[in-house]
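Take a walk through this fold with the model open beside you. Start at the sheet, then move to the helices and the core.

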Amino acid sequence: MNPYLTRRGALGLGAGAGTAILLSACGDSGPNEKVTGGGPNAAPAATAYTGPNVSLAFWNGFTGGDGAFMKTLIDQFNTEHQNIKVSMNVYQWADYYQKVPAAVSSGNGPDLGIMHVDSVATNAARGVILPLDDLAASLSLTEDDFSPPVWQAGVYNQKRYGIPLDVHPLGLFYNKTVMEKAGLDPEKPPATAEEYLTALDKLKSAGVQGSWATPFQFTGSMWFHSLLWQFGGDLFDAGAQKATFAQDPGVQALTWYTDLVRKGYSPRNVAQDADLVALRNGKNALNWNGIWTINTLSEDKNLQWGAAPVPQIGTQKAVWAGSHQFVQFKQRSQDDNKLTAGKVFINWISQKSLEWAKGGQVPARKDVRESAEFKALPAQAALAQQIDYVHYPPSVPGIGDALNTVVTAVNESVLLRKEPAKALSDAAAKADQILEQNRKKYGG
């Protein structure tokens, strides 16, 4: 399952979907910021809860196969914690990001939730979610327990608002049968720019357009993000004051990607998801796609496929990734028992994330990721090799709205409607306007 909104939705929608609803306590974490533990009879926060019975509402957008894995974990948690009852409400991600701020504003919000990494800052600035520094401190969690980019992704304005559950990076998925027919080693996918282009030339000689370039966000924009970082560029400057994706590294990245079409390695006008369908049908061999693709390919028992880190096309290793982050929501009246019980739940699920990984994720927790049980999941383990060089958008409110301009630029370039430099320049000008508007909106 695609972890964002819908496969045809916009990645940035989660960050900006509900911006019309601005909480009166914007930017103020309120009285819930300090949590002392669940009442006089409670054990230390996050490790155990011995207070009175509590019920916790947990909202998320796990509408696909991943939802079943989470439901199983919640059932197990409820069985092991007789005084905590967690109930899960599931919505489409686009609906979720609209419902949550409205529910919190009306005093009817859930206790716990999941947010994509690019939505954390927006909802923190709007006073929808609470700081979780106390949770991290009570568990002595540091970036060494995760990885530097993953751990830092949940921080906004020098406070932690998210505890990472997983990482879902792009990876290279390949059709072994098609590779072998073209004279390529089906057990050695290309890992460098030279190897990639050599493979594409061999596939082309065999009558196969080997790597289809989609003009859509899934996964064209994610390819571009990865290539931009690989060529040494970045999406925005420090603090996301200005867009920098139209500079030379961005032009190099989008030119390389668009050249897949120009040089005949990809057909023109690739439809949404047609690249993955073609891989499954033996029409292409190499597909950059999200880790959620593991579930899709696993359904086809006759398909001979593999997964590997994305190739290093530029001067350094880098890859786009998303992350699901646990959050706690602001309430009109503080309930220390619920807050403490919620932290116990977050900690417990985080430690059980091996089961979550089986649904097509890389666990955020390093000890789980390095376990023998996780390494026995070959596709997930292959993509987990990228953990130290994954990249995320900056933790800035409303960043998804600015990122939508990149989607447009990639679309215009890959469809050969604009030259890469022009498409990026036009997009950057619009992004700068959005960034300025966001600074006024969120007080940044």
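How many bridges join strand 1 to strand 3? There are 2, and the two strands run parallel. One partnership is easy to find: F58 has L112 of strand 3 as its bridge partner. Helix 2 packs on the sheet here, touching strand 1 and strand 2. Its direction makes about 165 degrees with that of strand 2. (Axes are lines fitted to C-alpha atoms, for helices over the stretch in contact; angles run from 0 to 180 degrees between N-to-C directions.) Helix 13 also packs on the sheet, touching strand 1, strand 2, strand 3, strand 6 and strand 11 (324-328).

A word on the ground rules. This is a predicted model: local features need pLDDT of at least 70, side-chain atom pairs count only at pLDDT 80 or more, and totals for chains, interfaces and linings use all residues. Residues are numbered from 1 along each chain as its sequence is written, and side-chain values use heavy atoms, leaving out hydrogens and water. Helices (H or I, at least four residues) and strands (E, at least two) are DSSP runs, numbered from the N terminus.

Now see the whole sheet. It is open, with 5 strands in the order 2-1-3-11-6 and mixed pairing. Strands pair if DSSP finds at least two bridges between them. Strand 2 and strand 6 (163-164) are the edges, each pairing on one side only.

Go back to helix 2 (residues 65-80). D66, G67, M70, L73, I74, F77 and N78 are buried there (under 20% relative accessible area, 1.4 Å probe, protein chains only). They lie on the same side of helix 2, because they cover an arc of only 140 degrees around the axis. That arc is taken from the directions from the helix axis to the C-beta atoms. Their cover includes strand 1 (54-60), strand 2 (84-90), helix 13 (336-351) and helix 14 (353-357).

Helix 3 (residues 93-106) has 14 residues. Among its buried residues are W93, Y96 and Y97. G107 follows helix 3, with a positive phi near 85 degrees.

Finish in the core. The largest nonpolar core has 139 residues. Such a core is a set of buried Ala, Val, Leu, Ile, Met, Phe, Trp, Tyr and Cys residues joined through side-chain atoms within 4.5 Å. F236, F245, Y257 and L286 have the most contacts inside it. Helix 19 (residues 420-442) gives the most to this core, with 8 residues. F245 touches (heavy atoms within 4.5 Å) residues including F224, F236, L424 and A431, not counting residues up to four places away in sequence.

Conventions:
Buried < 20%, exposed > 50% of the residue type's maximum accessible area, 1.4 Å probe, protein only. Expected span 1.5 Å × (residues − 1).
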